[in-house]
Structure formats: structure tokens, C-alpha cells
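Student: Could you take me through the salt bridges of this model, one pair at a time? I would like to know how the partners sit with respect to solvent, too.

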Amino acid sequence: AVVASLETLLNIKASEKLPGALRLKALTTALDFAVPFNFGLGIEIEKLTPTEAVLVSPERRKRRNHVGSAHACFLALLSEYPAGLLIAQNYSFQKYR
């Protein structure tokens with residue numbers, strides 16, 4: 001059921017009925033629950049088109065490493081998350097999963 005819901009949210013044509021901000025908030029919330037690792041990190045989807053994904057995350061102390069800069073795991077997540085969104089919305093769930 002979660003995969004079907006994510007597929008609906010990621011489908012640009014089907015989700016155009018939702019206002020942009022509401023669609024992005026719904027997708028952010030759904031992904032927070034669908035991907036437990038991401039829950040609580042404060043990552044918000046700011047823009048999502050078939051060719052562009054923009055995510056924002058306010059700076060938080062718990063995301064810093066021992067020298068005070070962004071933790072490498074968090075930086076990796078910030079690069080993989082938008083890549084996954086672009087792949088998920090451009091390739092069929094039924095055909096490629």
C-alpha cells in the first residue's frame with residue numbers, strides 16, 4: 001500500500017490535481033514514514049519536477065560530525081534522496097521494481 005501511495009504521489013500527471021505545496025508536503029510526510037532512516041531528519045522537498053529535485057534541511061547540531069561540519073552520512077543521504085525521487089518518478093514501479 002505504501003508503494004502504491006508513493007507511486008501516486010510521484011506521478012506528475014496524477015498528482016497535478018493537488019496544489020504544489022500540498023503535494024510536496026504530502027510526499028515529504030509519506031517518505032518520512034516509508035523510509036524510517038529519513039524520519040526526523042527534517043528534510044523537506046522544496047521542488048520536484050521530472051528533471052529536478054530540490055531538498056532543504058535546516059542545520060541541526062545532531063547532523064554534525066566531531067569537527068563541526070556536516071556528517072558524511074547525512075551528506076550522502078542528501079545526494080541519494082533527490083536521485084531516488086527522480087528515478088522513482090521517471091521509471092515505472094511495476095516495470096523496474
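Tutor: Happy to! Let's start with the term we need for solvent: a residue is buried under 20% relative accessible area, exposed over 50%, and partly exposed in between. With a relative accessible area of 31%, E44 falls between those limits, so E44 is partly exposed. Please keep in mind that this is a predicted model.

E44 is a good place to begin, as its side chain forms a salt bridge with K25, where the closest N and O atoms are 3.7 Å apart. This pair links distant parts of the chain: E44 belongs to strand β1 (residues 44-48) and K25 to helix α3 (residues 20-34), with their positions 19 residues apart in numbering. The pair counts because the cut-off is 4 Å from a Lys or Arg side-chain nitrogen to a carboxyl oxygen of Asp or Glu. K25 is also partly exposed, at 45% relative accessibility.

By this rule the model has three salt bridges, so two pairs remain to be visited. In one of them, E52 meets K47, with 2.8 Å from N to O. Here E52 has a relative accessible area of 33% and is partly exposed, and K47 is partly exposed at 36%.

The other joins R64 and E59, again with an N to O distance of 2.8 Å. R64 is partly exposed at 35% relative accessibility, whereas E59, at 65%, counts as exposed. As general background, side chains of opposite charge can pair when their charged atoms come close.

Conventions: Residues are numbered from 1 along each chain as its sequence is written. This is a predicted model: local features need pLDDT of at least 70, side-chain atom pairs count only at pLDDT 80 or more; totals for chains, interfaces and linings use all residues. Side-chain values use heavy atoms; hydrogens and water are left out. Helices (H or I, at least four residues) and strands (E, at least two) are DSSP runs, numbered from the N terminus. Buried means under 20% relative accessible area, exposed over 50%, partly exposed in between (1.4 Å probe, protein chains only).
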